[in-house]
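Grab a pencil and get ready to work through some exercises. Try each task yourself before you read its solution.

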Amino acid sequence: MRFTGPHPGLSILPSVSRTPMLGRFCMPFSALPRAILGSRPARFALTGFTAMAVSYGSLFTLVTLLHVNTALAYLVQAALAIEVNYLLNLRFTWADRQGGLWRTWWRFHASRLALVPVNQALFTVLVWAEVNYLVANTVCIVGSTVANYVLGDRFVFAGRRTARTEPTTTEPTVAEPTTTGPTTAEPTTPAPPACGDRRRRWQGDRPAVSVVVPVKHSAPVIRPLVVSLLEQDYDGRIEVVLVGDLGDSTWSALDGHLGRDPVTAYEAEVHAPLRDANAKRNIGLDRATGEVLVLTDSDMRLPLNWVSTAVSMLAAGHHAVAGPMRSVSTAFWGRYIDQNMWGSKTPRMDRGYLLTERNFGRGNNMPPVTANFACTRSMYEHVGGPPTDFSYSYEDYPWFLAIVNAGYDIRCAPELAAWHRHRSTLRSLIKEYRESGWGCADYIATHPTCRLARRRLAQLLALLGVASVGAVAAAAAPLTVLATAGALAAATCVASAVRGRALDAAAFPLCTTTLGLAFALGMLVRFARRGWRAPVAVVTGTIQRLHVAGPVSEAQFPAVTTQSS
């Protein structure tokens, strides 16, 4: 294996232009309601709370003031709350859908009527068990909220959107940048590329491909990745750029095995609060020579046709492509991450979609991850590299937001699926999800108007609301709430086992609940400590040693420091 060092004078991290934090990163208090209500789940929650208020008010009036029979009063308030709920959902929650008044009305009422007998029976049983009628009503409403949202989004108001339309299939091409080099992504200043021919014409028949891999003590996993890269069926040149720490143990796994020219390794001393992956990616991207730039991680393994498939998609006119991750293991945790019904760790991409500025974070159009991503050099030079401010987690998403805000698309395709070595213990997964929650809060604070940020914030607030209602109900009737929660948990576990076609899949919902709480805890701890302040990371780096074949020779270069504030 040949290790080639860096050239003097090249900086480790791209220069970053900074503006004062106030007004750019901090979210004004007056903008909070608008940011939250931009999310459909948040609007649905507000609609539900309004209907709940109508429900409580009418039920209290009928039972306490007018002394109407509780069962009859429940039917009356249910009908009133349903109509209020329908009108608010039609004109507020799903106002961007064109489904027709009659079509949405009968679908809405059909779905609600299917739930009314169930809720009526549950309410009657709870009242018969001498549970307070208000608490009984709360249990019924909470139990049907999730089903109502899914039915509303997938069935009742499933018409085409009118307020926003998907972009046309004509793909833009980018004029060559006038800057002298790439800079860190700044999504607040988009510059849409000019339109041109959809087909991309490379300088040669097969463009050179550079694969950048950040490593950190990756000796147990690096060999399968490098082997999979060297065995690609791509006819063009593939350059593998590895960036690790000084004296990184990763190199020991490659000694005597890969004595091939395409493999280049850099050693760099990078200091970051927790994760230095983006800093290392920028080192590799700055020194890559290919027209196509590929990002992956050391614990990945790419199919033999991955590079050729990605280049074909880029040649068709896309500026960036990405794929999902599948577990290399069929053990419990590998199957859980791939098959669990809720809270997917990474985008599934069961169907391909084109990620753009208009649909970023909307529905199932989730941003990809840098472990399975490729783009053109022109796009990278125009947008810049991944930001180094995010040193905990969610460091992928700000860069992808900058890409789509600059007018580019990202083709997310299941054909680019690659294998990933997921974490294999509950303890390590809890740690990962807690750090991801912290990173998610960083993302919300940095990009408060982004649809994905509003969505995650609305989910956190909804979780806190459900927990508060559940705590109040449990204090009033602990046995009833416990029995109801147990019944719902049992039904969910059975559904998970049937879907996963394995008995141990029944434990997936419990795992999802545990990891979801760890994620929410990470968000809450981050907000409690930093509030709405954007992440502040101090990243320093210096390349100190140059590895060549034979004895190690040392070359000292001035330290390069980048401070984000």
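Below are five exercises, each with a solution that goes step by step.

**Ground rules**

This is a predicted model, where local features need pLDDT of at least 70, side-chain atom pairs count only at pLDDT 80 or more, and totals for chains, interfaces and linings use all residues. Residues are numbered from 1 along each chain as its sequence is written, and side-chain values use heavy atoms, with hydrogens and water left out.

**Exercise 1: follow a helix**

Task: Compare the expected span of H2 with the distance between its end C-alpha atoms, then list its buried residues.

Solution:
- Step 1. Helices here are DSSP runs of H or I with at least four residues, strands are runs of E with at least two, and both are numbered from the N terminus.
- Step 2. The expected span is 1.5 Å times one less than the number of residues.
- Step 3. H2 has 26 residues, so it should span 38 Å; the end C-alpha atoms are 36 Å apart, which agrees.
- Step 4. Buried means under 20% relative accessible area, exposed means over 50%, and partly exposed is in between (1.4 Å probe, protein chains only).
- Step 5. The buried residues of H2 are Arg-40, Ala-42, Arg-43, Phe-44, Thr-47, Ala-51, Met-52, Ser-55, Ser-58, Leu-59, Leu-62 and Val-63.
- Step 6. Now look past the end: H2 is followed by His-67, which has a positive phi near 60 degrees.

**Exercise 2: look at the surface**

Task: Find out which residues make a nonpolar surface patch of about 300 Å², and check whether Leu-66 is buried or exposed.

Solution:
- Step 1. Patches are built from residues with over 30% relative accessible area and no salt bridge; like charges are joined within 9 Å, and nonpolar side chains (Val, Leu, Ile, Met, Phe, Trp, Tyr) within 5 Å.
- Step 2. The areas come from the Shrake-Rupley method with a 1.4 Å probe, and for residues only the protein chains shown count as cover.
- Step 3. The patch is made by Phe-60, Leu-65 and Leu-66.
- Step 4. You'll find Leu-66 in the loop between helix H2 (40–65) and helix H3 (70–93).
- Step 5. Leu-66 counts as exposed because its relative accessibility is 51%.
- Step 6. Over in helix H3 sits Leu-72, which counts as partly exposed at 46% relative accessibility.
- Step 7. From Leu-72 to Leu-59 you count 13 residues in sequence, and 9.8 Å in space from C-alpha to C-alpha.

**Exercise 3: hunt for salt bridges**

Task: Work out which parts of the chain are joined by the Arg-526 and Asp-442 pair, then do the job again for Asp-153 and Arg-40.

Solution:
- Step 1. A salt bridge is a side-chain nitrogen of Lys or Arg within 4 Å of a carboxyl oxygen of Asp or Glu, and that rule gives a count of 12.
- Step 2. Arg-526 and Asp-442 form a salt bridge at 2.6 Å, N to O.
- Step 3. Arg-526 lies in helix H15 (residues 508–530) and Asp-442 in helix H12 (residues 426–446), so the pair ties together parts that are 84 residues apart in sequence.
- Step 4. Arg-526 and Asp-442 are buried.
- Step 5. In the salt bridge of Asp-153 with Arg-40, the closest N and O atoms are 3.9 Å apart.
- Step 6. This pair links distant parts of the chain, with Asp-153 in helix H5 (residues 133–156) and Arg-40 in helix H2, 113 residues apart.
- Step 7. Asp-153 and Arg-40 are buried too.
- Step 8. There's also a network of salt bridges linking Lys-216, Asp-245, Asp-276 and Lys-280.

**Exercise 4: check a record**

Task: See what the chain does over residues 109–128 and 505–525.

Solution:
- Step 1. An unreviewed UniProt entry annotates "transmembrane region" at residues 44–65, 71–88, 109–128, 134–151, 460–485 and 505–525.
- Step 2. UniProt positions are given in the numbering used here, feature names are shortened, and annotations may be inferred rather than shown by experiment.
- Step 3. Residues 109–128 are 100% helix and 0% strand, with end C-alpha atoms 28 Å apart.
- Step 4. Residues 505–525 are 86% helix and 0% strand, and their end C-alpha atoms lie 31 Å apart.

**Exercise 5: count the disulfides**

Task: How many disulfides does the structure hold, and are Cys-412 and Cys-450 buried or exposed?

Solution:
- Step 1. A disulfide is a pair of cysteine sulfur atoms within 2.5 Å.
- Step 2. The structure holds zero disulfides.
- Step 3. Cys-412 counts as buried because its relative accessibility is 0%.
- Step 4. Cys-450 counts as buried at 8%.
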